[in-house]
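Please look through the sequence and the model shown below, keeping the helices and the sheet in view together. The paragraphs that follow start from one salt bridge and work outward to the rest of the fold.

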Amino acid sequence: MKILITGISGFVGSNLALAYQEQGNHVIGHVRDQDLATLLDQSRPDLILHCAAEIYDPECMFESNIVMTWQCLDHVRRHNCRMIYFGSSSEYGWRDCVTSESTVPQPHTA
């Protein structure tokens, strides 16, 4: 299977890449500042693992969190492939304690 992983240089993306490669899959990585739409069109993946997100820089959040997600979903629609979207701890908002799956999300937007 051909798998494209956004955010491949991050903790989750890099470990997913290793696991899928060990299973014999062809893994394509997307890194920051790389044109995602072109990479998607050129690689035509069977599966997109969308792990990329910006959680610290509000100026970059729209591009990486909204535009890139839309590009992935548009590719899925046009090419009938599959996609898994990964969220981040930012969905729970700023906290000074450990979050769990039962924690109520309280995202902060500027």
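In this predicted model, R78 makes a salt bridge with D74, and the closest N and O atoms of the two are 3.0 Å apart. Both residues belong to helix α3, where they sit 4 residues apart, about one turn of the helix. An α-helix has 3.6 residues a turn, so residues three or four places apart point the same way. The two partners differ in their surroundings, because D74 has a relative accessibility of 14% and counts as buried, while R78, with a relative accessible area of 41%, is partly exposed. Through salt bridges that share partners, D41, D74, R77 and R78 are joined into one network.

R78 also reaches beyond its own helix, since its side chain meets that of D41 in a salt bridge with an N to O distance of 3.2 Å. This contact links distant parts of the chain, with R78 in helix α3 and D41 in helix α2, 37 residues apart. D41 counts as partly exposed, at 40% relative accessibility.

A search of the whole structure finds 4 salt bridges, and one of them joins R32 to E54, with 3.0 Å between the closest N and O atoms. Here too the pair links distant parts of the chain, for R32 lies in the loop between β2 (26–30) and α2, whereas E54 lies in the loop between β3 (47–50) and α3, 22 residues apart. Which of these partners is buried and which is exposed? R32 is exposed, with a relative accessible area of 61%, whereas E54, at 9% relative accessibility, counts as buried.

The helix that carries R78 can now be followed along its length. α3 has 22 residues, which at 1.5 Å a residue should span 32 Å, and its end C-alpha atoms are 31 Å apart, so the expected and modelled spans agree. The buried residues of α3 are S64, M68, T69, Q71, C72, D74, H75 and V76, and what covers them includes β1, β2, α2, β3 and β4. Just after this helix, N80 takes a positive phi of about 55°.

The sheet against which the helices rest is open and has 4 strands in the order β2-β1-β3-β4, with parallel pairing. Its edge strands are β2 and β4, each of which pairs on one side only, and the twist averages 20° from one strand to the next. Between β3 and β4 the parallel pairing extends over 4 bridges, and H50 stands opposite Y85 in β4. α3 packs on this sheet and touches β1, β2, β3 and β4, its direction making about 170° with that of β3. α2, for its part, lies across β1 (2–6), β2 and β3, and runs at about 175° to β1.

In soluble globular proteins, nonpolar side chains tend to be buried together. In this model the largest nonpolar core has 11 residues in all, namely L4, I28, L36, L39, L40, I48, A52, M68, C72, V76 and C81. The elements that give two or more residues to this core are α2 (36–43) and α3 (58–79). Apart from it lies another core, of 8 residues, among them I3, V27, L49 and C51.

I48 offers a way of tracing the contacts of the larger core from a single residue. Leaving aside residues up to four places away in sequence, I48 touches L4, L40, C72, H75, V76, C81, R82, M83 and I84. One of these contacts, R82, has its place in strand β4 (residues 82–85). With the same exclusion of residues up to four places away, R82 in turn touches M1, D46, L47, I48 and V76. By contrast, R82 and I66 are 16 residues apart in sequence and lie 18 Å apart in space, C-alpha to C-alpha.

Taken together, these steps lead from the network that joins D41, D74, R77 and R78, along helix α3 with its contacts to β1, β2, β3 and β4, and finally to the core to which both α2 and α3 give two or more residues.

Terms used. Residues numbered from 1 in each chain as written. Predicted model: local features only at pLDDT ≥ 70, side-chain atom pairs only at ≥ 80, totals over all residues. Heavy atoms only, no water. Core = buried A, V, L, I, M, F, W, Y, C linked by side-chain atoms within 4.5 Å. Buried < 20%, exposed > 50% of the residue type's maximum accessible area, 1.4 Å probe, protein only. Contact = heavy atoms within 4.5 Å. Pairing = 2+ DSSP bridges. Axes fitted to C-alpha atoms, helices over the stretch in contact; angles between N-to-C directions. Expected span 1.5 Å × (residues − 1).
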